[in-house]
Amino acid sequence: MEQVVLSGIKPTGQLQLGNYIGALRNFAKYQDDNQVFVFIADLHALTLPIDPQVLYNNTRDIVAFYLACGLDPNKATIFLQSDVPAHSELGTILGNYAYMGEMNRMTQFKEKASKLNDKSIGLGLYTYPVLMAADILLYNAKTVPVGEDQKQHVELCRNLAERFNHRYKQDVFTIPTPVINKTGARIMSLSDPTKKMSKSDPKGDILLKDDLKAVRKKIMSAVTDLECEVRYDKENKPGISNLLTIYSCLKDITIEEAEKEFIGCNYGTFKKAVADVVCATLEELQAKYNQVIESGIIDEVLQKGAEKASKIANETVKRVKKVIGLYTK
Ligand code: AQP
């Protein structure tokens with residue numbers, strides 16, 4: 001049955017391998033049988049200070065990578081969050097239904113805020129999950145494919161939608177479900193495998209645009225352990241487990257199958273195999289990315305996407321306004 005599938009990425013930095021494995025590469029598979037909305041969450045990128053030119057370049061890059069990963073603008077709606085003002089409007093309305101207590105529990109906020117001076121934590125960083133709820137609810141999305149770190153935000157969105165529907169005694173919002181892949185939902189940093197690979201903190205990241213020689217070097221020097229056994233054990237062997245996850249995801253095999261391939265191998269041989277598959281993936285992706293950039297279709301894709309997205313988003317806002325008693329014709 002056709003469902004509405006929605007996902008987005010915020011242009012806070014250069015896309016990294018975790019974004020690709022946990023999110024990007026999964027989007028295109030939905031587009032043949034579902035109504036797919038994929039957006040660039042550029043308003044979310046403002047939650048931490050960012051240079052305007054960097055934000056602009058990151059945004060265009062993400063669109064190019066969406067297309068490079070096989071998203072077809074004739075099937076999926078690809079758009080910028082800031083091109084559809086309904087996101088901000090519904091975000092403002094929903095803020096009145098979110099409780100401080102639940103906002104205070106958001107782990108991503110706590111993590112990000114802990115790195116800042118108390119006086120420089122922006123309100124936008126705190127309220128970001130409410131805007132994210134608006135992003136999802138505007139399109140009546142049922143399925144929201146995300147990495148593990150976004151699960152809590154989608155759960156907050158569910159709570160807000162249920163609270164709202166309950167308050168007004170009607171099914172105004174569709175209740176979304178986060179869809180998280182079993183493996184690859186949390187790719188870790190290569191230099192500190194206890195930390196998530198993250199585009200706004202790119203130490204130990206493999207960037208999708210990285211030079212392939214640099215990628216190989218990063219993988220060959222990835223932090224591992226003092227044993228010499230390629231075995232999945234997240235607690236005691238986080239580095240090797242992370243590399244096994246990357247390898248199995250990109251090869252489309254299970255972790256157990258990957259482990260079997262490397263029985264009796266030393267870490268050097270294993271890392272070389274991981275580097276080979278990562279480089280082959282990135283080489284293909286980068287070639288497609290370059291084709292997209294050269295084709296000059298980005299603006300056209302975004303314009304068409306914004307028009308399609310606005311139609312549906314505006315209908316939702318109108319419905320919400322009516323329900324809550326805001327005067328609308
Ligand atoms: N390391 C990761 N492993 C698996 N999935 C990941 N995602 C992000 N990092 C990993 C998934 O990528 C999508 C994009 O999410 P986002 O841009 O909204 O922000 P994020 O989750 O906060 O990703 P980053 O890279 O860590 O961004 P910054 O550094 O700006 O916070 C999501 O589906 C996410 O789960």
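1. The sulfur of Cys249 lies 14 Å from the closest cysteine sulfur, that of Cys69, which is too far for a bond. A disulfide is taken here as a pair of cysteine sulfur atoms within 2.5 Å, and by this rule the count comes to zero disulfides. Cys249 has a relative accessibility of 3% and counts as buried, where buried means under 20% relative accessible area with a 1.4 Å probe and protein chains only; Cys157, at 0%, is buried too.

2. This is a predicted model, in which local features need pLDDT of at least 70 and side-chain atom pairs count only at pLDDT 80 or more, while totals for chains, interfaces and linings use all residues. Residues are numbered from 1 along each chain as its sequence is written, and side-chain values use heavy atoms, with hydrogens and water left out.

3. The largest nonpolar core (buried Ala, Val, Leu, Ile, Met, Phe, Trp, Tyr and Cys residues joined through side-chain atoms within 4.5 Å) has 59 residues, and those touching the most other members are Tyr20, Leu24, Tyr66, Ile219, Ile246 and Val278. Helix α11 (residues 267-295) supplies the largest share of this core, 12 residues; helices are DSSP runs of H or I, at least four residues long, numbered from the N terminus. A second, separate core of 44 residues includes Val84, Phe109, Tyr126 and Met132.

4. Leaving aside residues up to four places away in sequence, Tyr66 touches several residues, among them Gly8, Leu24, Phe39 and Ile78, contact meaning heavy atoms within 4.5 Å.

5. In the meeting of helices α2 and α12, Arg60, Val63, Ala64 and Leu67 of α2 contact Ile298, Asp299, Val301 and Leu302 of α12.

Definitions and conventions. Buried < 20%, exposed > 50% of the residue type's maximum accessible area, 1.4 Å probe, protein only. Helix = DSSP H or I, 4+ residues; strand = E, 2+ residues; numbered from the N terminus.
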